[in-house]
Structures are given as structure tokens and as C-alpha cells.
Amino acid sequence: MQKLSQQQRLSQQQMLQVRLLEMPLTELEESVNAELDDNPAMESSEPDDALSDTREEQDEVREDESFDEKTEREERESALDDALQGIGRDDEMPQSPASYNDPNADYEEIVYGDITSFYDKLKEQMGEVELTAQQQDVMEYLIGSLDADGLLRKDLDSICDELAIYHGLDVVQREVEDVLHILQSFDPAGIGARNLQECLLLQIDRRPASTVRDLTRRVIAECFDAFTKKHWDKIQAQLRLTESQVAAVQNEIRRLNPKPGASLGETEGRNIQQITPDFVVDTNDDGSVSFSLNRGTIPDLKVSPTFSEMIDTYKNNKEGLNREQKAALLYAKEKVERAQSFIDAVKQRRHTLQVTMKAIIDWQLRFFQEGDEADLKPMILKDIADRTGLDISTISRVSNVKYAQTKWGTFPLRFFFSDGYTTDDGEEMSTRKIKIALRTLVERENKQRPMSDDLIKDALAEQGYPIARRTVAKYREQLGIPVARLRKQ
């Protein structure tokens with residue numbers, strides 16, 4: 001039976017824009033330099049607003065630019081001559097920019113990069129398990145909700161709500177949990193865990209069966225609070241372990257990874273890299289906030305006049321072109337189109353980053369003025385998408401692996417996003433602010449008589465946070481705070 005359906009496919013230009021948008025600054029610099037080396041139709045000049053240049057340094061650069069540009073032009077003309085000679089010896093010629101699909105083309109690797117993202121690596125494993133269409137949608141959303149450590153910090157109730165609101169998927173918590181268990185079977189072990197304890201248990205369960213493995217599991221499952229405080233004497237007494245057994249368990253635990261996502265990294269093979277801020281936010285004494293986009297060493301890009309002139313010359317003499325001249329025209333046209341596409345994608349990336357950061361600053365202005373985490377207002381991806389007119393997926397890509405340098409420190413953009421809690425009278429509060437208050441209460445409590453969730457609820461209500469006891473329990477668990485009886489000292 002034939003079925004007619006509509007499918008939306010990204011164009012090559014859109015794919016390029018997406019790839020560049022996902023890149024952190026250091027990786028973008030590498031991509032730009034690689035494209036400059038590979039495509040003789042694209043040239044560079046020093047950026048007008050490089051953050052590190054002083055006025056005097058810019059003047060010195062301008063004095064040397066004429067010589068550098070002349071040298072660069074001569075090198076590109078030489079490269080063009082060599083390429084044209086090769087074309088003259090070949091019988092085949094790329095017919096159009098559609099040859100981007102050629103897996104052997106050098107520019108495929110240069111433009112899109114031979115890399116596998118954290119998201120893509122997990123999606124590859126999706127293809128190895130049988131999932132219904134709905135389960136696939138839920139799985140993709142779960143993977144997209146993992147933090148940089150590879151853990152799922154959101155509770156399943158919130159995920160059910162988000163799936164219903166943003167994706168029109170009506171699923172219950174049990175269905176999401178079933179898909180989560182499948183995700184937790186993926187590599188690396190521990191991926192998709194909801195907290196550190198579950199993360200370690202998932203890894204222990206993958207270890208070869210042995211007495212040491214069983215003891216290690218008991219330590220994490222039954223004595224986790226003591227383990228987090230390194231109270232090995234209490235663990236030894238509770239489980240009746242010998243000194244050699246304690247040493248063996250400790251050695252086994254050292255093999256576990258509390259951050260399984262770091263083994264993949266945001267980009268495989270790039271899991272360890274220095275943080276370079278993409279934005280520099282300035283807070284002035286009068287409370288006004290401004291920002292600039294860190295361009296790093298990325299120069300201004302332009303299409304080579306040599307190639308443009310050659311295209312114009314050949315176009316004006318189409319009738320009298322011989323075979324080699326026609327081949328040269330096609331070659332130059334393809335290189336110019338590719339250069340222009342890359343330049344447009346870089347400009348689009350810059351524009352998207354600017355409008356997104358402006359919207360974030362406008363929304364979280366109080367934080368940028370005062371630097372108090374408690375001042376962060378509830379803000380989700382959809383809020384910034386609505387304010388900027390961009391798609392939620394675009395905002396998500398901008399906020400991944402991007403950092404903002406502020407007066408109060410350097411923060412990942414994800415730091416500025418938080419869920420909201422709506423009270424019975426309709427007031428919306430930041431869950432982050434409530435969690436800070438909850439953590440402070442627990443830190444200041446009498447350790448001999450720790451507060452129950454009911455007492456914490458009452459204390460929070462006195463501070464202006466009227467939340468339910470079950471919400472207190474949920475936030476306490478998300479913060480990794482044990483119940484009152486386990487906090488007693």
C-alpha cells in the first residue's frame with residue numbers, strides 16, 4: 001500500500017548553518033582556518049572589532065595589510081593555476097554544488113567535520129534497538145535532556161509535561177521510564193542515570209560477576225550517605241567487612257565514572273578542552289548591561305576578487321569559450337558559491353548568537369546586575385525562542401557548549417535556564433531560588449535533630465516559598481540531600 005507523506009529536509013546551506021552554530025569558538029576557528037586553506041575562492045582580513053586589538057595595533061596591522069594581501073593573492077592565483085592545469089587533464093568536472101554529497105570530496109570533511117557529537121553517538125545506538133515511533137520520539141527527547149555529565153537531572157513528571165506541551169506526545173511517566181531504562185543500557189555505562197547513586201549502580205551491574213562486585217553494590221545501595229561522606233568505618237561496621245574487603249571495594253569504586261558523559265565529550269575526541277567564552281558581558285556602575293561577541297582569531301571573510309573577476313570575464317565571452325575555459329568557469333563558480341555559502345553561514349551564526357544572548361540578558365537582567373544566583377528567574381528554551389522568533393532547537397544549540405564571561409564569573413549558557421514553580425495563588429517562582437533556600441535550611445539545621453520534609457515545607461513557606469511537601473521531597477532528592485534520618489549525626 002502506497003502512503004503519501006510530507007517530510008522536511010534541511011538544505012545543504014541549513015545543514016552548514018546548524019553545524020557552525022553548534023561549534024564552540026575554538027572549534028569554529030579551526031573550521032574557518034581549514035576552509036581558508038582549502039578554498040582558494042575565499043580570502044580573509046583582520047576583524048574590525050577583535051577584542052584584543054588596541055587602536056595602535058590596528059593601525060600597525062593596516063600598514064602591513066597591503067603587503068600581506070598581495071602575497072596572499074599571489075599564492076591563491078598560483079593555487080588557481082595549478083587547479084586549472086589539473087582540470088585541463090581531467091575529463092570529468094563537478095557539475096554543481098550538489099557534489100557536496102560526494103563522500104570523497106575534501107570539503108566534506110572541512111565544512112562539516114569528521115566528528116560525532118554526544119547526541120549523535122547515542123542516537124546511533126538507538127538504531128540497534130527496536131522502538132516504536134512514539135518511543136523513538138521520547139528517546140530523542142531524553143537524550144537531548146541529558147546534561148554534560150550524561151545524567152538526567154529532570155524528573156519524569158516534568159518530561160511528560162514538556163513532551164505534551166512542545167511535542168504533542170501524550171505519555172505517562174511509566175512509558176517514559178521504560179524508554180529511560182533502554183537508554184541506560186547504552187554505552188557508556190551509567191548514561192541516563194537520574195542521580196549519582198543510580199549512575200554508579202548502573203556501572204556496577206555491568207561489571208563481571210564477583211564477590212567484590214556484590215559488596216560494592218551493597219555499599220552504594222545500602223550505605224550511600226556514608227559513602228558520600230567517606231565514613232568507611234561506619235560502612236565496614238554496618239556490612240561487617242574485613243580490611244581487605246574494604247580495600248577491594250575502594251579499588252573497584254575507583255574504576256567507576258561519576259560523569260559518564262565526559263567519556264564521550266560534547267564532541268567525541270574533544271572531551272577535554274579549555275573553556276573559551278563566546279560572549280563577554282559587561283555590567284556598568286549605573287546598572288546597564290552590554291555584551292560583545294568574542295570573535296577570537298576569526299578574521300573577516302570575503303570572496304576572492306580574482307575568482308569573481310574570472311567568472312565575470314568568462315560570462316561575457318560564453319560563446320567563444322573552449323572546453324578548458326568552460327571547465328575553469330565551472331570550477332570557479334563552484335568555489336565562489338561554496339565560499340559565499342560559508343561566509344553567509346558564519347554571519348548567520350553571529351546574528352543568532354547575538355539575538356539569543358540579548359534575550360537572555362533582558363530576561364535575567366537582575367542576575368547580570370547583582371550576580372546573585374537567587375535572582376535568576378524561571379526561563380526555559382521556549383521563552384527565549386518566543387522572544388527571538390527562533391526555533392526551540394536553535395536556542396538549544398546556541399546554549400550548548402557556549403559560555404558567557406561576566407563580572408561574576410564564566411557560566412555556561414545552560415546556567416541561566418531554570419524551570420518555574422507556580423503557587424496556588426498563581427505566583428511563579430524560580431525552582432533554582434527555592435532549591436537554594438532549601439539547601440541553606442539543611443546546611444544550618446541542627447544535625448542532631450535534622451528537619452523533616454514537613455518542617456522544611458513550613459520554613460520555606462515562612463520565607464515566601466509556599467510549596468507542597470512532595471515538592472520539597474522532589475527538590476531535596478534532586479539536590480542529593482538524604483532524608484532527615486540519614487542526615488542525623
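**Figure 1. The protein chain as a whole.** Of the 489 residues of the protein chain, 42% count as buried, and the model shown here, like the views that follow, is a predicted one. The chain is built with 22 helices and 8 strands. Among contacts with a separation of 6 or more, 65% are accounted for by residues 24 or more positions apart. The protein chain exposes about 27,700 Å², and carbon and sulfur atoms supply 45% of this area.

**Figure 2. The largest nonpolar core and the elements around it.** In soluble globular proteins, nonpolar side chains tend to be buried together. The largest nonpolar core of this model has 27 residues, and those with the most contacts inside it are L20, V32, M42, L301 and F342. Two or more residues of this core come from each of helix 1 (12-22), helix 2 (25-38), strand 4 (300-303), helix 14 (305-315) and helix 15 (323-363). Helix 15 gives the most, with 10 residues.

**Figure 3. V32 and its contacts, with a second core.** When the neighbours within four places in sequence are left aside, V32 is in contact with I298, P299, L301 and F342. A second core, separate from the largest one, has 25 residues, and L293, I361, F368 and L376 are included in it.

**Figure 4. An open sheet with two edge strands.** In this view, 4 strands form an open sheet in the order 3-2-5-6, and their pairing is mixed. Strand 3 (289-293) and strand 6 (409-412) each have a single partner strand and stand at the edges, so one side of each is left without a neighbour in the sheet. On average, and with direction ignored, neighbouring strands of this sheet are turned by 25° against each other.

**Figure 5. The pairing of strand 5 with strand 6.** Strands of a sheet pair through backbone hydrogen bonds, either parallel or antiparallel. Here strand 5 (residues 403-406) and strand 6 run antiparallel, and 4 bridges join them. Within this pairing, A404 stands opposite F411 in strand 6.

**Figure 6. Helix 15 against the sheet.** Helix 15, which gives 10 residues to the largest core, also lies across strand 2 (279-283), strand 3 and strand 5. With respect to strand 3, helix 15 runs at about 160°.

**Figure 7. Helix 21 and the residue that follows.** Helix 21 (residues 469-478) has as its buried residues T471, V472, A473, Y475 and R476. Just after this helix, G480 takes a positive phi of about 75°.

Notes: Residues numbered from 1 in each chain as written. Predicted model: local features only at pLDDT ≥ 70, side-chain atom pairs only at ≥ 80, totals over all residues. Heavy atoms only, no water. Core = buried A, V, L, I, M, F, W, Y, C linked by side-chain atoms within 4.5 Å. Buried < 20%, exposed > 50% of the residue type's maximum accessible area, 1.4 Å probe, protein only. Contact = heavy atoms within 4.5 Å. Pairing = 2+ DSSP bridges. Axes fitted to C-alpha atoms, helices over the stretch in contact; angles between N-to-C directions. Areas by Shrake-Rupley, 256 points an atom, 1.4 Å probe, with all protein chains shown as cover.
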